[in-house]
Amino acid sequence: MRAIKKLLITLLVIVGVIAIALVGVYIAARVKLGVDLFRTVGQLKTLGQPVNEQETFPAAYTAQDFADLKTQTDSQLGSVVLYEEGRGVGGYSVDFTALASAGATAKPVFLSDRQAGALAETVFYQQTGGILTIADKEISVCVLQVAFTEIDAETGNADLCVTVKLDLTPFKADMEGFPLGLMKGAVPDTLYVTSVVRIEKGEGLAYTVTPKSLTLNNLSSEDTADFFHTLDVVLKIGSAEELNLQIGTTAANALIGTAEHPGFVYTLKATGGSGSFAFVSFEKDGTRINALVF
């Protein structure tokens with residue numbers, strides 16, 4: 001009995017020491033790093049749940065949207081969107097030389113948000129190989145869907161909502177030793193990041209990009225910001241606002257573009273010395289369509 005009593009006391013002491021140590025670690029993380037470990041555990045549990053892309057992102061572009069994009073641009077701009085099996089994204093790429101020489105169109109070109117999503121992924125992949133540099137790491141990124149919301153009919157401004165699939169494995173490769181090694185298995189290999197930025201038109205083709213919100217998988221915006229703070233402490237990935245601005249700007253530059261980063265609209269319009277674009281919403285055959293017009 002004495003041996004059992006001694007063993008129980010020893011176990012209680014060990015448990016007590018571990019509990020105190022954990023509380024100490026929690027307090028240190030909370031005070032020194034601003035990281036709530038208990039909250040992070042809950043966030044990782046949520047992020048670790050499997051994501052069904054078709055159910056979670058019903059507005060994502062499909063193979064038909066690539067075909068519709070080509071049909072639409074062929075009819076008004078000529079052969080600027082090319083198809084060749086084994087090239088680009090699903091065989092599709094943009095001929096920027098032909099686009100630059102296409103010149104002004106007799107009628108405005110309208111691209112639905114699904115067609116814009118297909119175009120954004122095509123141009124992004126063509127210009128970057130599907131890679132973004134985040135915190136000095138080359139990260140594989142795929143544009144899954146694009147949506148235009150909060151459209152202002154008077155100004156042509158809108159919110160640009162972009163969902164990308166982001167590969168975290170380059171960051172996880174550096175998670176070695178204690179305590180990062182213990183967290184490595186809980187960090188998902190892939191994050192689904194939805195960026196929302198406001199696109200405000202300037203004169204001609206000029207525009208500004210202002211970050212509004214960023215969400216990961218099915219986390220709230222608040223939890224996303226908190227989780228990104230934890231990721232920045234652990235992996236030096238940067239803040240949610242920084243990533244939001246990077247994703248939103250990259251998508252805007254692919255679709256529209258600037259002199260430094262010529263995208264689809266800029267390449268078509270700027271060579272003529274003028275041009276503009278806008279976001280619009282209209283009814284067609286009983287369906288509400290949000291579109292980029294240029």
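**Exercise 1. Find where Gly156 lies in this predicted model, and decide whether Gly156 is buried or exposed.**

Solution. Start with the place along the chain: Gly156 is in the loop between β5 (137-149) and β6 (158-167). Next, look at the accessible area. The relative value for Gly156 is 5%. Buried means under 20%, so Gly156 counts as buried. Now look for its partners. Leaving out residues up to four places away in sequence, Gly156 touches Lys201, Ala278 and Phe279. One of these partners, Lys201, is 45 residues from Gly156 along the chain, yet their C-alpha atoms are separated by 7.1 Å.

**Exercise 2. Describe how helix α6 packs with helix α10, and name the residues that make the contact.**

Solution. A helix pair can be described with two values, the angle between the axes and the distance between them. For α6 (residues 113-128) and α10 (residues 240-255), the angle is about 95 degrees and the axes are 9 Å apart. Angles of 65 to 115 degrees count as roughly perpendicular, so α6 is roughly perpendicular to α10. From α6, the contact uses Ala116, Leu119, Ala120, Val123 and Phe124. From α10 come Thr250, Ala254 and Leu255. Sorted by class, that gives seven nonpolar residues, one polar and no charged ones.

**Exercise 3. Do the same for α4 and α6.**

Solution. Helix α4 (residues 63-77) packs with α6 at about 90 degrees, and the axes are 8 Å apart. This makes α4 roughly perpendicular to α6. On the α4 side you will find Asp65, Phe66, Asp68 and Leu69. On the α6 side are Arg114, Gln115, Ala118, Leu119 and Thr122. Here the classes are four nonpolar, two polar and three charged residues.

**Exercise 4. Which residues touch the most other members of the largest nonpolar core?**

Solution. This core has 63 residues, and the ones to pick out are Leu160, Val193, Ile199, Leu255, Phe264, Phe277 and Phe294. Helix α10 gives the most to the core, with seven residues. Now zoom in on Leu160. Beyond its neighbours within four places in sequence, its contacts include Val146, Phe148, Val197, Ile199, Ala251 and Leu255.

**Exercise 5. Where in the protein chain is confidence lowest, and where is it highest?**

Solution. Begin with the whole chain: the mean pLDDT is 80, and 79% of the residues reach 70 or more. Then compare elements. Helix α1 (residues 2-33) is lowest, at a mean of 37, while strand β2 (residues 92-94) is highest, at 96. Over residues 1-34 the pLDDT is below 50. Coordinates should not be read in detail where pLDDT is low.

Definitions and conventions
Residues numbered from 1 in each chain as written. Predicted model: local features only at pLDDT ≥ 70, side-chain atom pairs only at ≥ 80, totals over all residues. Heavy atoms only, no water. pLDDT = per-residue confidence, 0-100. Helix = DSSP H or I, 4+ residues; strand = E, 2+ residues; numbered from the N terminus. Contact = heavy atoms within 4.5 Å. Axes fitted to C-alpha atoms, helices over the stretch in contact; angles between N-to-C directions. Parallel < 35°, antiparallel > 145°, perpendicular 65-115°, else oblique. Nonpolar A, V, L, I, M, F, W, Y, C, P; charged D, E, K, R; others polar. Core = buried A, V, L, I, M, F, W, Y, C linked by side-chain atoms within 4.5 Å. Buried < 20%, exposed > 50% of the residue type's maximum accessible area, 1.4 Å probe, protein only.
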